[in-house]
Amino acid sequence: MSLGAEAVRKVARLARLKLSDAELTRFAGQMDRVLEHMADLAALDTEKVQPTAHALGLTNVLRPDVPAPETDRERILANAPEREGPYVKVPKVIE
Amino acid sequence: MSWETVIGLEVHCQLGTRTKLFCGCPTGSFGQPANRFICPVCTGQPGVLPVLNRAAVELAFQAAMALECRLAERSVFARKNYFYPDLPKGYQVSQYELPFSRDGKLAIADKTVRIHRIHMEEDAGKLLHAIGSEELPYSLVDFNRAGVPLIEIVSEADMRTAEEAFDYLTNLKAVLQFGGISHCDMEKGELRCDANVSIRRPDAAFGTRVEIKNLNSFRAVRDAIVHEAARQAGVLEGGGTVVQETRLWDVAANRTEPMRSKEEAHDYRYFPEPDLVPLVAEEAWVARLRAGLPELPAARKARFMAEFGLSDYDSGVMTAERPLADYFERVVSVAGRPAAKAAANWVQSDFMARVKAEKADLAAVPVTPEMLAEVVTMVVSGKISGKAGKEVFARAWETGKKPAELVAELGLTQVSDEGELRAWVDAALDGNPKAAADVRAGKEAAIGSLVGAVMKLSRGKANPALVNRLIKEKLAS
Ligand SMILES: [Zn+2]
């Protein structure tokens, strides 16, 4: 099974990754090998196996609905590339 | 041949929790400064772990019960991947293949609308494109709402008119409010609706559907559906085809417009959220939640009719909204069941007129249920006249003073003492010999002007029913 450069280009675009042509070729090859491995798995009979959504055996990890101590929002906003007052500033978005 | 409109609605409803879905940030951010309630979890800082809010799950489960849905034994959160500046993590935590509930229903006027599914998800942040009327050359992001717990309630395409869609939303809101699941305040963004609209010839296959967004009120939903259906009919009758797309309702222009930003074909690459473990609807837990589900609107309406003797109409008005039903029930609990009908009349007339005129919040009106009960009791018992009651109510609303105090202050106590009343009756008969003669001659209608004269002499304080009787007695003798 081969993914092809076009498919890799599309996935890269969805992930907002800018790849050079050389990278595209290289990653397409690598991803083909990942898919080959998946094809091995697909050969197994999984008819009676429940799909795994999580590797842990845990369920229902919940917390009480109680406000946590406030975080210093300045420290969070400092991570934004740009800000204006209390806002994060981004390029113009239209709807 | 006419067209039939086919409508399905997707409603996002904020669960009434104190904190967000996966972190301890408060949810009550309406009117707060931007980015007031944010933390490393809801802003997607590296290395953090979300932990599911128990109250959000419980309210979501109760919503499913109130809407007669089947609860899934096991549900799984998934990442919906896309990039948008209001989405700090680059994905929204939602439920996809395994939502927590499916297959519910909601009754509207004369049909039942099926509910396809309900799933839990987190809200995104808010984008600001303008300050006041000034359009900004950039956009600003406020993450206060990012991570706020929502349920998305997806109906089947069972509605056929804009009116049915309006009814569905009205009833859905009532169920969610009465069930204590959400406050459903649209102005605060606690209830939002997208509409899927298509048209077809009756009995033909479904047409291509258009999704309408930016619907900020139930009225907007109704208007947008009417206009969109007409637009689609125009397209088809002109030989064109309806394009599957998302359109925005422009309330000022009264029409839908295509979205300016072309979304890429939806490719969300959902996958199970590795940071959250599956959710299991354990039997004992579900039973406890079911037992704790508050009385829903239909049940409450029936009880008001049975317990308080209200008419179907009155009971419907009193249970249109949870805060109103709570207010009314409190009035009756103080004034007593025999006064329930009178209480319903007061709530519907003077009270609602004030509430509507001032857009008052029912939880914070100046006339508390106890105060209105006092007014109703005084009128029902004849201590004050109905007219005086209206004045007391108005003054109580404006001043916040206790009704009994206002009655004393304004000298509004109704006079029912027959001796005092007789003196006014005699004076009225002397002053209106013509009317008195008419009544004696059998013209019953003339008694009105005599009662009026007594009311005037007493400056409105005479008990009109007693005055009526005394005049008749006097003229019969
Ligand atoms: Zn947070």
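Q: Which word fits B:Lys359, buried or exposed?
A: This is a predicted model: local features need pLDDT of at least 70, side-chain atom pairs count only at pLDDT 80 or more, and totals for chains, interfaces and linings use all residues, while side-chain values use heavy atoms, without hydrogens and water. Residues count from 1 along each chain as its sequence is written; chains run from A and ligands from 1 in the order written. Buried means under 20% relative accessible area, exposed over 50%, partly exposed in between (1.4 Å probe, protein chains only). B:Lys359 has 76% relative accessibility, so this residue counts as exposed.

Q: What is the phi of B:Lys359?
A: B:Lys359 sits in the loop between α8 (340-358) and α9 (369-380) of chain B; helices (H or I, at least four residues) and strands (E, at least two) are DSSP runs, numbered from the N terminus. Most residues other than glycine have a negative phi. B:Lys359 is not a glycine, yet its phi is positive, at about 45°.

Q: Which word fits B:Asn35, buried or exposed?
A: B:Asn35 is another non-glycine residue with a positive phi, here about 50°. The loop between β1 and β2 of chain B holds B:Asn35. Its relative accessibility is 0%, so B:Asn35 counts as buried.

Q: Which protein residues are donors of the zinc ion?
A: Donors are N, O and S atoms within 2.8 Å of the metal (3.2 Å for Na, K and Ca); water is not among the atoms, so sites may look incomplete. In this model the protein donor atoms are SG atoms lying 2.3 Å from the zinc ion. They belong to B:Cys23, B:Cys25, B:Cys39 and B:Cys42.

Q: What is the geometry of the zinc site?
A: Four donors count as tetrahedral if all angles lie between 85 and 135 degrees. The four donor atoms of the zinc ion make angles of 101 to 116°. The site is therefore, by that definition, tetrahedral.

Q: How many residues apart are B:Cys25 and B:Cys42?
A: Along the chain, the zinc donors show the spacing C-x1-C-x13-C-x2-C. B:Cys25 and B:Cys42 both lie in the loop between β1 (4-14) and β2 (52-53) of chain B. This pair links distant parts of the chain, with a separation of 17 residues.

Q: What is the relative accessible area of B:Cys42?
A: Two of the zinc donors can be checked for burial. B:Cys25 counts as buried because its relative accessibility is 6%. B:Cys42 is buried too, and its relative accessible area is 5%.

Q: What is the radius of gyration of chain B?
A: The radius is taken over C-alpha atoms; the globule rule is 2.2 Å times the number of residues to the power 0.38. A compact globule of 477 residues would come near 23 Å. The C-alpha atoms of chain B fill a box of roughly 95 × 55 × 50 Å along the principal axes. Chain B has a radius of gyration of 30 Å.

Q: What share of the residues of chain B is buried?
A: Chain B contains 15 helices and 17 strands. One of its buried residues is B:Ser94, at 3% relative accessibility. Of the 477 residues in chain B, the buried share is 50%.

Q: How far apart are the C-alpha atoms of B:Ser94 and B:Gly316?
A: B:Ser94 belongs to strand β6 (residues 91-95) of chain B. B:Gly316 is 222 residues away along the chain. The C-alpha separation is 36 Å.

Q: What pattern of helices and strands does chain A follow?
A: Chain A has three helices and three strands. Read along the sequence, they give the pattern α-α-β-α-β-β.

Q: What is the radius of gyration of chain A?
A: A compact globule of 95 residues would have a value near 12 Å. The C-alpha box of chain A is roughly 55 × 45 × 25 Å along the principal axes. Buried residues make up 19% of the chain. The radius of gyration of chain A is 22 Å.

Q: How far apart are the C-alpha atoms of A:Ala12 and A:Lys89?
A: A:Ala12 lies in helix α1 (residues 4-14) of chain A. A relative accessible area of 7% makes A:Ala12 buried. A:Lys89 is 77 residues away along the chain, and the C-alpha atoms are separated by 25 Å.

Q: How far is A:Ala80 from A:Val90 in space, C-alpha to C-alpha?
A: A:Ala80 is found in the loop between α3 (73-77) and β2 (83-84) of chain A. With a relative accessible area of 17%, A:Ala80 is buried. A:Val90 is ten residues from A:Ala80 in sequence, and the C-alpha distance is 9.3 Å.

Terms used
Tetrahedral: all angles 85-135°; square planar, octahedral: opposite > 155°, others 65-115°.
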